[in-house]
Amino acid sequence: MIKFHNPSTIGAPASRYSHGAEAGPGARWLHVSGQVGVDPSGKILPGIEAQTERAFRNVEAILKSAGMGFDDVVKINTFLLTRDDVPVLRTLRDRMFTKTAPASTLFMVAALAHPDWLVEIEAVAARQD
Amino acid sequence: MIKFHNPSTIGAPASRYSHGAEAGPGARWLHVSGQVGVDPSGKILPGIEAQTERAFRNVEAILKSAGMGFDDVVKINTFLLTRDDVPVLRTLRDRMFTKTAPASTLFMVAALAHPDWLVEIEAVAARQD
Amino acid sequence: MIKFHNPSTIGAPASRYSHGAEAGPGARWLHVSGQVGVDPSGKILPGIEAQTERAFRNVEAILKSAGMGFDDVVKINTFLLTRDDVPVLRTLRDRMFTKTAPASTLFMVAALAHPDWLVEIEAVAARQD
């Protein structure tokens, strides 16, 4: 069970995420590598929307492999190339996280490892079985 | 209780932080979202000094919401737009962390989510109750 | 004992790392600050190869200080200045992680804290004693 923190002493989050997220001593913790818009066949999908959705699906597959789901995500970090892509990222993130709003950090990087990648998404998740 | 590591086999940290920080199996862990220089009313503060101090105060408010404080911070990550702002960041960080020196990573990003944000600070904290 | 996840439902990792890595409730967790190519005397080593090897050796020294080693690394994050240096990073990472392949995120930053630093490597490790 993740505990989310949004104290009234500071401004509300700029979009749908939580300022803090916490898990107790009994949890196992999963770190998910930065995921990109590459499908199972190795093809890089075209455009920010397809890449972002695919990156989230990849995160979901790794969570599932560990017996977890989006509800177990404590923290999500998103790396984009341009601020223009922030709205798409937020829209898709809201579609994925329907029940919870994890802690989040987002910034623009100078470049990703492949010139055609537009977004990279990593996560930390915790679950008490 | 956080255990800090600064082995003599490598050079001392470049400023007041620790090379490693550790918490035991009994701890609960809090992830704090990237905080920026926005006050509770939603106003973006002017300049790197005011923004950095506000970002740290926001981190502190989230720690407090989880029954934690700066002493419980294991890792702090700082993202700036220019290397010119590193000294201000270090001065304010030293003012916040008076008793402990958490592990730390700092680098310059290409951009933050809002064009007027100059600094973003996230943290990971742990506390054994 | 770290549990690695590479579900067949998504593409294989782009190099030798795991899509996910997990540790159980009994583990203690170590966060390692971003390490750079600076030797114990404070000298910045020349070139990406020497800096990357030194950064990994620094990570190793901090792991050792906590009674851990490369096998205990759950996640490794690498920050480079140019995509040209990715092959060197991967070659050296493969040389360090001989038995395990941790979760990993890699991207290019706008700048590091010192103008002569070419690479920064941070890690999260877990060990159940």
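Is the crossing of α1(C) and α2(C) left-handed or right-handed? Keep that in mind while we walk round the model.

Before you click, note that this is a predicted model, where local features need pLDDT of at least 70, side-chain atom pairs count only at pLDDT 80 or more, and totals for chains, interfaces and linings use all residues. Residues are numbered from 1 along each chain as its sequence is written, while chains are lettered from A and ligands numbered from 1 in the order in which they are written.

**Stop one: the copies.** Select chains B and C. A turn of 120 degrees with a shift of 0.0 Å along the axis lays chain C on chain B, at an RMSD of 0.0 Å (a least-squares fit on the C-alpha atoms of residues with pLDDT of at least 70 in both). The two copies are therefore related as by a three-fold rotation axis. Now add chain A: chain B goes onto chain A by a rotation of 120 degrees, with 0.0 Å of shift along the axis and RMSD 0.0 Å. Here 11% of the contact residues of chain B recur in chain A, so to speak of surfaces, the copies use different ones.

**Stop two: where C meets B.** Colour the contact, which takes 28 residues from each of chain C and chain B (a contact means C-beta atoms, placed from the backbone, within 7 Å). On the chain C side, β3 (28–35), α1 (48–65), β6 (111–112) and β7 (119–127) each give two or more residues; helices are DSSP runs of H or I with at least four residues, strands are runs of E with at least two, and both are numbered from the N terminus. The largest share, 7 residues, comes from β3(C).

Zoom in on β3(C) and show strand β2 (residues 20–23) of chain B: the two run antiparallel, joined by 4 bridges (pairing takes at least two DSSP bridges). Ala23(B) stands opposite Trp29(C).

**Stop three: two helices in chain C.** Select α1(C) and helix α2 (residues 86–96) of chain C. They pack at about 35 degrees, axes 10 Å apart (axes are lines fitted to C-alpha atoms over the stretch in contact, and angles run from 0 to 180 degrees between N-to-C directions). Your answer: the crossing is right-handed, meaning the near helix is turned clockwise from the far one by less than a right angle. Show the side chains of Ile48(C), Glu49(C), Thr52(C), Glu53(C) and Phe56(C) from α1(C), against Val88(C), Leu89(C), Leu92(C) and Met96(C) from α2(C).

Note on methods:
Two residues are in contact if their C-beta atoms, placed from the backbone, lie within 7 Å.
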